[in-house]
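Biologist: Could you put the model up and talk me through its inside, cysteines and pockets included?

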Amino acid sequence: MVAGTTRGGVLDITSGSNDGAGIQAQHASVSWLPAADKHLWFECRVTLADADDIDWMVGLAATDTNVFSTDPAELIVFRGDDGDANIDFQVRNGGTGAQADTTVDTANTTAVRLGFYVSGATTVTPYINGTAYTAVTTNIPTTAMRLTFGCLGGATTATNTLGLDWYRVLQLR
């Protein structure tokens, strides 16, 4: 991971050059937990160097040493898989919950704002570039989650980059 050259700074997270090689990170000292009357907001801005040749993830997830191969039991994330440029959204609780295609695709080097709003512990609404998409009302996490991001190389032998421009997580206390 290196600071990008964009004014104001972008964290460039670079994958390995082999399929499935890369990096993941979790912010270990802060966590968030959906709870009644404790609304939660997450938002970030990302870019992908090659949108259909990278596995990537950004959002909140329970502590896990390998978020890509095991999918943490508790998470709320945006992600993408190599082979397509789809932005998928996933909510899991207790290991249950599938990822769903938002029907929005990314484009190479084009910034996209990703966010979600957790209403208490009952509804999670994803947002892409400020537009709300279908809310999720099942499998809302019940375990504390940490900021999670990472990327893995796709099918080609070149490295790829997830640029994390900024993020924010807010929760009523």
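Modeller: What follows goes through the cysteines, the cores, one loop residue and the pocket. This is a predicted model, in which local features need pLDDT of at least 70 and side-chain atom pairs count only at pLDDT 80 or more, while totals for chains, interfaces and linings use all residues. Residues are numbered from 1 along each chain as its sequence is written, and side-chain values use heavy atoms, with hydrogens and water left out.

Biologist: How many disulfides are there?

Modeller: Taking a disulfide as a pair of cysteine sulfur atoms within 2.5 Å, the count is 0. Cys44 is in none, and the nearest cysteine sulfur, that of Cys151, is 13 Å away.

Biologist: Why is Cys151 not bonded to Cys44?

Modeller: Because the two sulfurs are 13 Å apart, which is too far for a bond.

Biologist: Is Cys44 buried or exposed?

Modeller: Cys44 is buried, with a relative accessible area of 0%, where buried means under 20%, exposed over 50% and partly exposed in between, using a 1.4 Å probe on protein chains only. Cys151 is also buried, at 0%.

Biologist: Which residues have the most contacts inside the largest nonpolar core?

Modeller: They are Trp56, Val58, Phe78, Leu114 and Phe116, in a core of 34 residues; such a core is a set of buried Ala, Val, Leu, Ile, Met, Phe, Trp, Tyr and Cys residues joined through side-chain atoms within 4.5 Å. Its largest share, 5 residues, comes from β4, a strand being a DSSP run of E with at least two residues, numbered from the N terminus. Another core, of 7 residues, lies apart from it and includes Met57 and Leu152.

Biologist: What does Leu114 touch?

Modeller: Beyond neighbours within four places in sequence, Leu114 is in contact (heavy atoms within 4.5 Å) with residues including Cys44, Trp56, Val58 and Phe78.

Biologist: Switching topic, where does Ser15 lie?

Modeller: Ser15 lies in the loop between β2 (11–14) and β3 (22–26), and Ser15 is buried at 5% relative accessible area. Among the residues that Ser15 touches, leaving out those up to four places away, are Cys151, Leu152 and Gly153.

Biologist: And which residues lie nearest the centre of the largest pocket?

Modeller: Those are Phe89, Ala100, Pro126, Thr134 and Val136, out of 14 lining residues. On a 1 Å grid over the protein atoms alone, a pocket is an open set of points where a 1.4 Å probe fits, with protein on both sides within 12 Å along at least five of seven lines, and lining residues have an atom within 4 Å of a point. The elements giving two or more residues to this lining are β7 (86–92) and β8 (99–105).

Terms used: Helix = DSSP H or I, 4+ residues; strand = E, 2+ residues; numbered from the N terminus.
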